[in-house]
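Reader: Hey, can you help me look through this model? I'm new to this, so plain answers please.

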Amino acid sequence: MERILVAKNKKAFYNYHIIDRYEAGLVLSGSEVKSMREGKMNLGEAYILVRGSEVVLIGSHISSYSNTGYKGHDPRSDRKLLLNKKEISATELTNSYIQKIEESSKLNAFIEKTFDKALMQASEADKIIVTGSQKSLCGIPLGIKDLFCCKSVKTQAASRILETFIPPYESTVTQKLWDEQAVMLGKLNMDEFAMGSSNETSAYGPVINPWKLSNSDDPLTPGGSSGGSSAAVAANLCAGATGTDTGGSIRQPASFTATVGLKPTYGRCSRWGIIAFASSFDQAGPITKNVTDSAITVSYTHLRAHETS
C-alpha cells in the first residue's frame, strides 16, 4: 500500500499537515512520485517537522540503519542520530508528537496525556545532550500502555474501577525507560484490564486502526489488548510504545497495524508495577516501527542477572 500523496504544486511540500490514513508524510509532485516508484528516491515512511520555513526530515525510526542494507532509508533521518547531532532538539521532537496526538484524537489511542511531564523530560534531555552524557533513549518520546503503573500519573487499566488510582510508585519497566532518559507522552488505551483482543472493551471507547481498507472508510480494530499502543506507533503518535502480552496482546495488534510486536521470554522483563491479568503468562514488551527499535527497547528494559521480577 503506497503512502504517497500527489500535490498540485511544490508549495504543498512546505505546508505540512496530517494526510491520508492519519500518516504524517511528504507531499510530493507527480514527477517525484514517479522517481520514488522507480526506486530513484525512496524516503520510506517519512515524518516531517516544520521549523518556520525549514523542513526537517525526521523519519519514523528510533535507530540508525546505516549498516543494515535497508533499501532507501537515510540514516540521517533517524530521531536518535538527529538528536545526538543537535540537528533537532528533544523539545522540538516532543512538540511535533504532541501536535500529531492532538490532531489524531479520533483514533482514541491516548487516554491520559502527560504533555507537561513530556516537555519537562525533553528539556532535561536537551541539557544532557549538550553535555554529551546522553543514554540510548535520551529524548525519545514513548507511549505507555495504561497497564503500567507510573508514579503520580493516573493508571486505571482503561477501567472506571480504577478511575481515581494514582500510583505512588513506578513499574520496573517504565523506570528503566526513564533511567535511559526517554520521554513519556502519556498513557495508551487498551482493553479493560487487558481482557480483550479488539480494544473495544475500554471504558474510554474503542481505538481506531489508522489503516483502512482501500475500498471502504469503515473503522477497523487495531487489535488488542495493546490496541492503543499499536495504533499510536502505526500513526506516528510516538516513536515506540510499551505493551503487555498474555496470550497475544502484543503480537496480534502489531500484526493488525503493520508494526513490530515482541513478547519477550517470560521473566525477561519484570512484571512489578504492571496490573495483572494472568500473572504466570503476563509479559511486558515493546511495539515499534521495526525490529531494530524493538531490540533497543528490550535491551534496556530486561532484568539483569542480579535483579528479580
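Reader: Let's start with Thr301. Which backbone oxygen lies 3.1 Å from a polar atom of its side chain?
Author: That's the backbone oxygen of Thr297. Keep in mind that this is a predicted model.

Reader: OK, and where is Thr301 in the chain?
Author: Thr301 sits in the segment after α8, the helix that covers 291–299.

Reader: Is Thr301 buried or exposed?
Author: Buried. Its relative accessibility is 5%, and the cut-off for buried is under 20%, so Thr301 falls on the buried side.

Reader: What does Thr301 touch, apart from its neighbours within four places in sequence?
Author: Thr301 is in contact with Val173, Lys176, Leu177 and Cys269. Val173 and Cys269 also turn up with Thr301 in the lining of the largest cavity.

Reader: Oh, cavities! How many of 30 Å³ or more are there?
Author: Five. The largest one holds about 60 Å³ of space.

Reader: How does anyone find empty space like that?
Author: Rolling a probe the size of a water molecule over the atoms shows where space is left empty.

Reader: Which strands each supply at least two residues of the largest cavity's lining?
Author: β8 (240–245) and β10 (283–288) do. The lining includes Ala241, Thr242 and Gly243, and also Ala284, Gly285 and Pro286. Phe148 and Thr297 are among the other lining residues.

Reader: What's the mix of nonpolar, polar and charged in that lining?
Author: Six nonpolar and five polar, with no charged residues.

Reader: Switching topic: what about Ser230, where is that?
Author: Ser230 is in helix α6, residues 227–234. Ser230 has a relative accessible area of 0%, so it counts as buried.

Reader: And what's around Ser230, leaving aside neighbours within four places in sequence?
Author: Ser230 is in contact with Pro222, Pro253, Ala254, Thr257, Thr259 and Ile287. A polar atom of the Ser230 side chain also lies 3.1 Å from the backbone oxygen of Gly227.

Reader: Anything odd in the backbone? What should I expect in general?
Author: Most peptide bonds are trans, and most residues other than glycine have a negative phi.

Reader: So which peptide bond is cis here?
Author: The one from Gly224 to Ser225, with omega near 5°. Ser225 is in the loop between β7 (183–188) and α6.

Reader: And where do I find a positive phi in a residue that isn't glycine?
Author: Gln181 has one, at about 75°, and Ala258 has one near 60°. Gln181 is in the loop between α5 (172–179) and β7, while Ala258 is in the loop between α7 (251–257) and β9 (260–261).

Reader: Are those two buried or exposed?
Author: Gln181 counts as buried because its relative accessibility is 16%. Ala258 has a relative accessible area of 55%, so that residue is exposed.

Reader: Can we do a helix? How far does α3 reach from its first C-alpha to its last?
Author: α3 covers residues 90–103 and reaches 20 Å, close to the 20 Å expected for its 14 residues. Its buried residues include Ala90, Leu93, Tyr97 and Ile101.

Reader: Is there a general rule about which way helix residues point, and what is it?
Author: An α-helix has 3.6 residues a turn, so residues three or four places apart point the same way.

Reader: Last one: how many helices and strands does the whole chain have?
Author: Eight helices and 10 strands. Of the chain's 309 residues, 54% are buried.

Notes: Residues are numbered from 1 along each chain as its sequence is written. This is a predicted model: local features need pLDDT of at least 70, side-chain atom pairs count only at pLDDT 80 or more; totals for chains, interfaces and linings use all residues. Side-chain values use heavy atoms; hydrogens and water are left out. Helices (H or I, at least four residues) and strands (E, at least two) are DSSP runs, numbered from the N terminus. The expected span of a helix is 1.5 Å times one less than its number of residues. Buried means under 20% relative accessible area, exposed over 50%, partly exposed in between (1.4 Å probe, protein chains only). On a 1 Å grid over the protein atoms alone, a cavity is a set of points where a 1.4 Å probe fits but cannot get out, and a pocket is an open set with protein on both sides within 12 Å along at least five of seven lines; lining residues have an atom within 4 Å of a point. Grid points are joined across faces, edges and corners, and a volume is the space filled by probe spheres set on the points. Ala, Val, Leu, Ile, Met, Phe, Trp, Tyr, Cys and Pro count as nonpolar, Asp, Glu, Lys and Arg as charged, and the others, Gly among them, as polar. A polar contact is a pair of N or O atoms within 3.5 Å; within protein, one must be able to donate a hydrogen and the other to accept it, and residues adjacent in sequence count only if both atoms are side-chain atoms. Contact means heavy atoms within 4.5 Å.
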